[in-house]
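Here are a few worked exercises to go through with the model open beside you. Try each task before reading its solution.

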Amino acid sequence: MRMMRRGAAIVAVMAALLVSSTAPAQATQLSPEVLYALRAEPGGVALTPTTAVWPALGMTLEVQSARAVGSCATGTICAYSGAALTGTRLTWTTCGTKSTVAISTVGSIANARSSGTLSARGSSGTVYASAGTGASANVAVANRPLVTNVSC
Amino acid sequence: MFVSPDADAHTAEARREAFSALFERCYPRVLRFVRGTGKDAMEAEDITSEVFAVAWNKFDLRDPIDLNWLMGTAINKLRDHDRRARRRRSETIPLSAAVEGAPTGLDPLDVLAVREALAGLTAKDRQVLQLMVQEGYSAHDVGQMLRRSEGSVWTRASRARAQLRKSLRIEDNDE
Amino acid sequence: MNDDELDRLIRAAHPTRTEPDAPLTAQQRVTLERIMATPSNAVTSSRRTTRRLLIALPAVAVVAAVVTFVAVSVLIPPRPSPAAAYGPPPLTWAPSSKSVAEVVAVAHQRLASAPGPTIALRESTSSSWSLAISEAGEPEQQIAIEPIETELTWNADLSGRRLTTAGKPFRADGVTGEIPTTDQTPGQVLADEEFGAGQYPAITPDAIELDSRGLTALVQVYAPASGLAGDAMVAVEDLSVEWTLTNRQEGYLLDILASYEGLRVEGTATDRLGRPVVGLSAESTISPGETFTLLISAATGRIVGIQVMVTGTTAPTPVPVGTVTSYALWKDTE
C-alpha cells in the first residue's frame, strides 16, 4: 500500500473509525486497503478498486500488489554484484534457493514480489542481508564474496 | 564439428564424481584449518564452501586439484577476508569457546594463553605452526600451500616456536 | 620445554575438536550438491558450442528454401539486422602519455575551479546498464542496450525517494542506424520507491564529515592498503551511487585511489553520455577476471562513471572476454 502526497498536507490517518463515507455502489469490489482508508479518513472517493483520492487533502492512495524495485521487475527477485542494485543482475521469477555463483560478489538484493522475505546467504545458511516485499537491501562489504545463494 | 552429446554427458558425470571425491576427502581438512584460525563455525563453513566453489569452477579432469592447492586458496581467502572485515580484534575467541576446545587435564587459562600467544605471531609464522603442528602437514606440503621452499618453512617454524616461547615466558631447555 | 611439549600445547590450543577425516555432515552434502549444480566455466563452453551448432542446422535449411523461392522474383537485399551482443560496445580510448600522477594533478586543477556542492548531498542521478543473467543461468544477449536512469534523493533520517525510469536505448553492435524497437519507451517509469523514515538502505549513512582521513579509512574497508585499486573503486562507486560529494572530497578519493597498486591510465574517450572523460583502470582481488575503469570528467575533474568489463577467464560470469558487464554514469556539475 502506498500513499502519494500531492499536496503539502500531512495526513494523519485517524484510528479506524468505521464511518461509512462516500463509498461508491460497488463497495464489494474495492480492495481491503482502499476500504480501510476510506473508512479511516473521511472525504475520500474510490476511483478504481485499487485507487482512491481525497481532493481536499490532495492525497491519492494506490494499492499495488507488487511493485518494481529499481531495475528489479515486478514479481521477481534479484541479486546484484554491486551494492544499491548496481552491477550484473541475476533474476528469478519464483521463490526457492537460488545459486549466485555466476557473480563473484553479491552486493545487494531486491524483492519485487508481493509476499515473503528474500535473504542473501552463505553456503551454510548465514544470512547476510534480508529484503521484505517491495524492498532492497545491501550486503556489508566484507560479506559480499561470501554470499553463495539467495532464498525466499 | 560436433561434440556428441553423449561424450559431453559422460565427461560431466566423471567430473562430478571426481569433484565429489575431492570434496569428501578434503572439505573437513580445509574446514578444520579455517576454523583453527579463529573463525566461528558458520563463517568457517562459508569460507570453506567458497574455496570449493572456486575449485569447481576451475576443476578440470586433465589437471587435477590437490589438497595443497585448496589450502593455499583458503589462505588467500582468509587473508583477503580479514583485511576487508571491519576493525575487530582478530583471534578473539570467547572464553567459553576456549574451554570447549580444551582437552581434559589442561587448564583453560593455559590454553587461552597459548591462543593469545599464537595470535601475537605474524600471520605467516602462525600459519606455518597451524599447518605443521595443529594440522600435521609435512614441511614439503606446507611449502606447496604457501608457495615457499621447504627450507624456508623449517626456518619459519623454528623462529615461530622461539617467538612463542618468548611470549609465554617459557625457557628453551633442550631436554 | 622442548619442541614436542610446546607442540602439544599448540595442538591443545586448536579451537575445534573436529577430526580432519570426519565424514561429511548432511549440511555439507547439500553444499556439495549446490556447488555442482552451477554451470562452471570449464564445462559451459563446450556445452554452449554444441547448442549453437545444433541451432545453426535448421537455419541453414530455411535459408536454402528461401533462396529457391526468391530466385523467380526480384531479389531485394534485406536490411542487415543488428547483431546481438552480451553488452554495449566498449568505449574507444585514445591513448594518453600522461601518468596516473599527472592525470590526478590535472583533475585537482579542474576540481579547484569547477562548480560543486559546498557540503556532500544525499542525492545521486545515474544512467546505468548491467548485464542480466536469466533464471537458467544464461547471460542475455541484446540487440539494443536499454540503460536506466535513477534519481535518488534521501535524508539523514533515511526517508527518501528512488525514481527509476527507462533511458534512451542504443544499438549493442555500435553501428549507427535504426534502433530496434524496445519493450520500454524512454521516460517510462519502471519503479518509484518512496522510503519512510528509517527505510532507505543507505550503504554509507554519513559521508558529510568524511575528510581525507575518513575517506581513507572508508576505502580501506573495501581494499587493504597497497592492495589492488579495483577493490578501492568499488568504494568510490558505493559512495557515488548515493552521494554527490564536494569537489574536495572527489580530490581526496583520487589521491586515495592513486595510492593503490595496479592503477593505470586507460586513455581519453567520450563516455556513453557524450562527455569527454579520462579513464583509470585496475583489477580487483574480490572480483577475479574483471577490470574496473573509473571515468574522470575532463571538464570538472570529478569522478563521473565506472565500467566493469570481463577481461579474464577466471570471471565466473559466462560471457566472452571483452564483454562490458555493467556501467554507471553520474551527473557532472558542469
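**Exercise 1. Work out what share of chain A counts as buried, and what its fold is made of.**

Start with burial: chain A has 152 residues, and 45% of them count as buried. Next, tally the secondary structure, which comes to one helix and twelve strands. Reading from the N terminus, the order of elements in chain A is β-α-β-β-β-β-β-β-β-β-β-β-β. Finally, look at how far apart in sequence the contacting residues sit. Among chain A contacts between residues at least 6 apart, 50% join residues at least 24 apart.

**Exercise 2. This is a predicted model, so decide which parts of chain A have the lowest and the highest confidence.**

First take the average: chain A has a pLDDT of 76, with 73% of the residues scoring at least 70. Then go element by element. Strand E1 (residues 2–5) of chain A has the lowest mean pLDDT, 40, while strand E8 (residues 108–111) of chain A has the highest, 97. Now widen the view around the weak end: over residues 1–28 of chain A the pLDDT is below 50, yet this stretch has 42 contacts in the model beyond near neighbours in sequence.

**Exercise 3. Trace the five-strand sheet that takes strands from chains A and C, and find its edges.**

Lay out the order first: E11(A)-E8(A)-E5(A)-E6(A)-E2(C), an open sheet with mixed pairing. E11 of chain A and E2 of chain C each have a single partner strand, so they stand at the edges and one side of each has no neighbour in the sheet.

Now check the individual pairs. Strand E5 (residues 77–80) of chain A pairs with E8(A) in the antiparallel sense over four bridges; in that pair, A:Ile77 has A:Asn111 as its bridge partner. Across the chain boundary, E6(A) and strand E2 (residues 132–133) of chain C run parallel and are joined by two bridges. There, A:Arg89 stands opposite C:Ala132.

**Exercise 4. Describe the side of chain A that touches chain C.**

Count residues first: 32 from chain A and 38 from chain C take part in the contact. On the chain A side, the elements giving two or more residues are strand E6 (89–92) and strand E11 (135–138). E6(A) has the largest share, at four residues. Sorted by class, this side of chain A has twelve nonpolar, 16 polar and four charged residues.

**Exercise 5. Which strands sit at the edges of the nine-strand sheet in chain C?**

Write down the order: E7-E5-E4-E1-E12-E11-E10-E9-E8, an open sheet with antiparallel pairing. The strands that pair on one side only are E7 (189–195) and E8 (264–270) of chain C. From one strand to the next, the twist averages 20°. For a close-up, take strand E4 (residues 148–154) and strand E5 (residues 160–166) of chain C: seven bridges join them, and C:Glu151 has C:Leu163 as its bridge partner.

**Exercise 6. Characterise the packing of H2(B) against H2(C).**

Geometry comes first. Helix H2 (residues 41–58) of chain B and helix H2 (residues 26–37) of chain C pack at about 35°, their axes 10 Å apart. The crossing is right-handed. Then list the residues: B:Ser49, B:Phe52, B:Ala53 and B:Trp56 meet C:Thr31, C:Ile35 and C:Met36. By class, that contact has five nonpolar residues, two polar and no charged ones.

Key
Residues numbered from 1 in each chain as written. Chains lettered and ligands numbered in written order. Predicted model: local features only at pLDDT ≥ 70, side-chain atom pairs only at ≥ 80, totals over all residues. Pairing = 2+ DSSP bridges. Axes fitted to C-alpha atoms, helices over the stretch in contact; angles between N-to-C directions. Contact = placed C-beta atoms within 7 Å. Nonpolar A, V, L, I, M, F, W, Y, C, P; charged D, E, K, R; others polar. Buried ≥ 20, exposed ≤ 12 C-beta atoms within 10 Å, placed from the backbone. pLDDT = per-residue confidence, 0-100. Left-handed = near helix turned anticlockwise from the far one by under 90°.
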